[in-house]
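Here is a brief report on helix packing, buried cores and a few individual residues. Look at the structure first.

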Amino acid sequence: MGQDSTKDEEQDRQLTFTQRARRAQIIDVTIELLAEHGFSGVSLSQIADSAGVTKPTVLYHFTDKATLVRGAYQHVLDAMVESVGEAVASAEVAERPSVYVRSIVAYFVSHRSHSRLSVEALIHGEAGTDSSARWKPVAELLKSAREARGVKGPSDSRTAALIIGGAIDAVVGEALEDPGYDAVAASEEIVDLVEQRFLTD
C-alpha cells in the first residue's frame with residue numbers, strides 16, 4: 001500500500017494542470033457516490049459517467065477501483081487533518097484537546113460525504129490497520145495539555161484517547177443517521193468529559 005501511495009504521488013506531480021483538475025474531479029465524484037451508495041454500490045463506469053469522462057480516463061489516473069477508493073479516502077483524510085490541524089495549532093496548548101474535539105466533530109458534521117466515506121473506508125479496510133495512527137495524536141495532545149496545566153496525577157493517555165475517539169465516532173455516526181441530532185451540542189459533552197476526567201488531578 002505504501003508503494004502504491006508513493007507511485008500515485010509521483011504520477012500526480014507529473015500531471016499537467018488539466019490532468020490534475022480531471023483527477024480531482026474524479027475523486028470528488030467518487031467521494032459523493034461512495035457516500036451515497038457505499039463501496040459495493042458504485043462501479044468505475046458509474047464514476048466515469050458522473051464525472052463526464054470515459055472509464056479508460058478513470059483507469060488512466062487510477063489503476064483500479066481499490067486504488068481510486070484509497071485516493072478518495074486520502075483526500076478526505078488530508079482535508080480533515082488540514083482543517084482540524086489549523087484549529088488545534090492556533091489554540092493554547094492547554095486547550096488543544098477540547099479544540100480538537102470541537103473542530104473534528106464540526107468538520108465531519110459539515111462534510112457529511114466525507115464522514116460517510118470515512119465509514120466506508122474503515123469497513124472495507126482502506127483506512128489502514130494501524131490503530132495507533134488514530135489515538136497517538138490525541139494522546140500527545142492530552143499529555144501536553146496536562147503538562148501545560150500542571151496536572152500531576154497519573155494518567156493513561158492511550159486509554160483516554162481511545163475513549164475520546166470512540167465518543168467522537170459515535171456522535172458523528174449518530175449525526176449521519178439522524179440529521180436532526182445536535183452533534184455540536186454533543187461535542188460539548190465530550191469536552192466536559194475531557195476537561196473533568198482527563199485534564200484534572
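The report below covers a predicted model, moving from cores to a helix pair and then to single residues.

**Cores**

The largest nonpolar core has 31 residues. Within it, Y100, V101, I104, L142, I164 and I168 touch the most other members. Five elements give two or more residues to this core: α5 (65-89), α6 (96-110), α8 (132-149), α9 (157-177) and α10 (183-198). A second core is separate and holds 19 residues, including L34, I47, V53 and L117. In soluble globular proteins, nonpolar side chains tend to be buried together.

V101 shows the contacts of one core member in detail. Beyond residues up to four places away in sequence, V101 touches I164, I168, S187, I190, V191 and V194.

**The α5–α6 pair**

How do the axes of α5 and α6 cross? They come within 9 Å, at an angle of roughly 140°. The crossing is right-handed. On the α5 side, the contact is made by V76, A79, M80, S83, V84, A87, V88 and A89. From α6 come R96, V99, Y100, S103, I104, Y107 and F108. By type, the contact residues are twelve nonpolar, two polar and one charged. Y100 and I104 thus appear again, here as part of the helix contact.

**Three single residues**

The table sets out location and accessibility for three residues.

| Residue | Location | Relative accessible area | State |
|---|---|---|---|
| T30 | helix α2 (residues 17-37) | 1% | buried |
| S40 | loop between α2 and α3 (44-51) | 72% | exposed |
| A94 | loop between α5 and α6 | 17% | buried |

T30 counts as buried because its relative accessible area is 1%, and the cut-off for buried is under 20%. The T30 side chain reaches the backbone oxygen of I26 at 2.7 Å. Leaving aside neighbours within four places in sequence, T30 is in contact with I47, L68 and A72. I47 is also among the residues of the second core.

S40 is exposed, at 72%. Its C-alpha atom lies 20 Å from that of P56, and the two residues are 16 residues apart along the chain.

Is A94, a loop residue, buried or exposed? A94 is buried, because its relative accessible area is 17% and buried means under 20%. Not counting residues up to four places away in sequence, A94 touches A145, A148, R149 and L199. A94 and K143 are 49 residues apart in sequence, yet their C-alpha atoms are 9.6 Å apart in space.

Definitions and conventions. Residues numbered from 1 in each chain as written. Predicted model: local features only at pLDDT ≥ 70, side-chain atom pairs only at ≥ 80, totals over all residues. Heavy atoms only, no water. Helix = DSSP H or I, 4+ residues; strand = E, 2+ residues; numbered from the N terminus. Buried < 20%, exposed > 50% of the residue type's maximum accessible area, 1.4 Å probe, protein only. Polar contact = N/O pair within 3.5 Å; in protein donor to acceptor, adjacent residues only side chain to side chain. Contact = heavy atoms within 4.5 Å. Core = buried A, V, L, I, M, F, W, Y, C linked by side-chain atoms within 4.5 Å. Axes fitted to C-alpha atoms, helices over the stretch in contact; angles between N-to-C directions. Left-handed = near helix turned anticlockwise from the far one by under 90°. Nonpolar A, V, L, I, M, F, W, Y, C, P; charged D, E, K, R; others polar.
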